[in-house]
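The following note sets out points for a colleague who is reviewing the structure shown below. The points take up the contact between two domains and then the surroundings of one residue.

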Amino acid sequence: MRHWTLSLLMMTVLLPAKAQEQPSFGEFFFDRALRIELFCTGDARNEEVTVGSLIEEPIWPGNPAVLLQPFERGHHKVSVYDSVTKRLIYAAGYDDMLGEYQTTAPAQNGIRRTFERAVRIPMPKRAAFVVLESRDRKNLLHTTAKFQIDPRDVGIIRESPDRGDRIMHPIANGDPHTHVDLVFLAEGYTAAEQAKFESDVNRFVGALFTVEPYASLKQRFNVSTIFRPSVEEGTDEPRQHVFRSTVLQSSFNAFGLDRYLLTEDGFALRRMAAEVPYDAIVVLVNSPRYGGGGIYNDYCITTADHRASLQVFAHEFGHAFAGLADEYYSSDVAYNEFYAPGVEPLEPNITALLDPPNVKWKDLLTPGIPVPTPYGRDLVDSLSARRWSVRDSLGALRRREKDGSGQGSRMRATETEWKREDERLRLQIDSVREAYHWSEPRVGAFEGAGYAARGLYRPMVYCLMISSPTNEFCLVCRRAIARAIDLYSVR
Ligand SMILES: [Zn+2]
């Protein structure tokens with residue numbers, strides 16, 4: 001009896017694939033995609049995933065030679081096992097909005113919310129098991145859902161993806177299987193603004209391909225645009241009591257953050273994108289406000305008309321496309337210990353430095369650099385804090401001047417003095433930064449990353465994932481982006 005139970009268990013054990021042992025696409029898959037709609041529900045401690053509709057898409061646009069993602073990325077993972085051989089035939093990481101919600105105060109207080117998230121797999125030729133997993137605070141995977149799919153299932157929606165939208169292909173370098181297919185979706189553009197959308201996209205694409213590694217690898221991309229007019233222009237700004245009727249219902253103030261822009265219509269987003277072959281989605285929002293967002297292996301969203309929009313785009317696309325972490329740290333962010341102390345983050349561009357001699361970008365370190373790397377951070381931070389307090393005082397002074405409660409000439413003298421102090425501090429900060437970076441960009445381990453001023457480290461002083469005066473990614477991020485490009489295209 002005992003033996004029988006054991007052998008039955010053995011039969012249901014799903015076999016992990018050895019590293020780099022990629023299954024044959026033609027043996028296991030049709031050249032089509034299966035989109036699985038998921039409802040992800042939870043609070044900070046619990047989560048539950050239930051399956052909605054299954055939808056067939058006409059093409060699998062990814063690189064058929066890379067079915068098992070060769071690196072771990074994202075807080076969730078989808079794995080597909082062949083029902084006959086039990087072999088792992090597809091695996092990819094992803095993030096969702098629930099994962100972000102789980103780190104916020106309402107979630108900590110036990111308020112459960114549901115988010116829409118669609119994941120895609122290549123369409124299996126025969127019955128297959130789909131396993132969904134989520135990571136805990138220690139990055140260990142736990143199964144959240146497990147179900148069988150059958151490609152012959154009559155319940156799979158197989159209607160044409162065409163929604164009658166206006167589609168263009170501004171960059172067409174070739175076969176979707178061997179190129180990264182980037183699609184821009186118009187959000188908050190009215191019927192009269194299609195030309196503006198097309199020219200905004202050209203501006204964004206032009207900017208992206210001036211940044212490395214995109215610049216050198218431009219030939220490996222296709223770019224499409226999908227235009228569907230919104231009833232009103234712009235996007236929701238709840239804190240300003242502004243609400244606009246737009247195609248994807250995007251909104252600022254996501255998770256209570258001022259500049260965080262997202263859409264909760266995860267299913268509508270994918271329904272629209274599926275009109276063309278796509279690997280990565282960019283939602284371009286017709287708004288001049290500063291802001292954006294990016295969810296790994298889902299979409300990036302950014303406004304079109306702020307003077308920093310092009311930088312925001314490169315940054316958010318870094319999250320969505322390559323699974324890069326934020327390298328910045330600030331008290332302005334409402335996440336509560338986004339990264340658990342003492343746990344090495346999965347993202348390639350930040351580290352908890354638990355083993356300094358073996359920092360994960362060891363091969364890119366500047367020879368002889370100390371790890372962790374001193375860089376005058378404390379000095380810059382204290383100068384910045386002083387500068388902010390001077391600027392606060394200046395602001396208060398100007399308000400008093402405006403409402404006439406201050407005295408004219410003395411006030412102007414004080415204002416001039418503070419302006420001088422502000423400029424003096426700015427120059428001092430620049431000179432410290434210059435001494436440590438601009439003269440000689442170096443790869444080390446610089447403390448301050450992943451929202452934490454202490455305990456997390458980034459590879460270089462400057463990078464588009466923190467801020468970059470020269471609009472560049474650090475060398476570690478560049479490599480991670482190049483590896484993401486390899487997932488969807490062929491060298
Ligand atoms: Zn970086």
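**Note on the domain interface and one loop residue**

1. In this predicted model, the interface of domain 1 and domain 2 holds 15 residue pairs in polar contact, both residues of each pair being at pLDDT 80 or more. On the side of domain 1 that touches domain 2, at least two residues each are supplied by β1 (29-42), β4 (88-94), α3 (97-101) and β5 (113-124). The largest share of that side, six residues, belongs to β5. By residue class, the side of domain 1 that touches domain 2 divides into 13 nonpolar, six polar and 12 charged residues.

2. The rule for salt bridges finds two across the interface of domain 1 and domain 2. Separately, a salt bridge is listed for Arg117 and Asp298, whose closest N and O atoms are 3.5 Å apart.

3. The domain assignment of the chain gives domain 1 as 17-149, domain 2 as 166-322 and domain 3 as 374-411 + 419-434. For the first pair, the contact draws 31 residues from domain 1 and 24 residues from domain 2. The C-alpha centres of domain 1 and domain 2 are separated by 23 Å.

4. Between domain 1 and domain 2 an area of about 2,300 Å² is buried, and carbon and sulfur atoms give 56% of it. Within domain 1, the residues that lose the most area to domain 2 are Pro61, Met97 and Glu116, which together account for 26% of what that side buries.

5. A separate point concerns Arg244, which is located in the loop between β10 (221-227) and β11 (250-251). Is Arg244 buried or partly exposed? Its relative accessible area is 32%, so Arg244 is classed as partly exposed, given that buried requires a value under 20% and exposed a value over 50%.

6. Which residues does Arg244 touch, if those up to four places away in sequence are not counted? The contacts of Arg244 are Glu232, Glu233, Gly234, Thr235, Asp236 and Gln249. With regard to Glu233, the side chain of Arg244 reaches the backbone oxygen of that residue at 3.0 Å.

7. Finally, the position of Arg244 may be set against that of Asp305: the two residues are 61 residues apart in sequence, and their C-alpha atoms are 17 Å apart in space.

Definitions and conventions: Residues numbered from 1 in each chain as written. Predicted model: local features only at pLDDT ≥ 70, side-chain atom pairs only at ≥ 80, totals over all residues. Heavy atoms only, no water. Helix = DSSP H or I, 4+ residues; strand = E, 2+ residues; numbered from the N terminus. Buried < 20%, exposed > 50% of the residue type's maximum accessible area, 1.4 Å probe, protein only. Contact = heavy atoms within 4.5 Å. Polar contact = N/O pair within 3.5 Å; in protein donor to acceptor, adjacent residues only side chain to side chain. Domains from an automatic or database assignment. Buried area = accessible area lost by both parts, 1.4 Å probe. Salt bridge = Lys/Arg side-chain N within 4 Å of Asp/Glu carboxyl O. Nonpolar A, V, L, I, M, F, W, Y, C, P; charged D, E, K, R; others polar.
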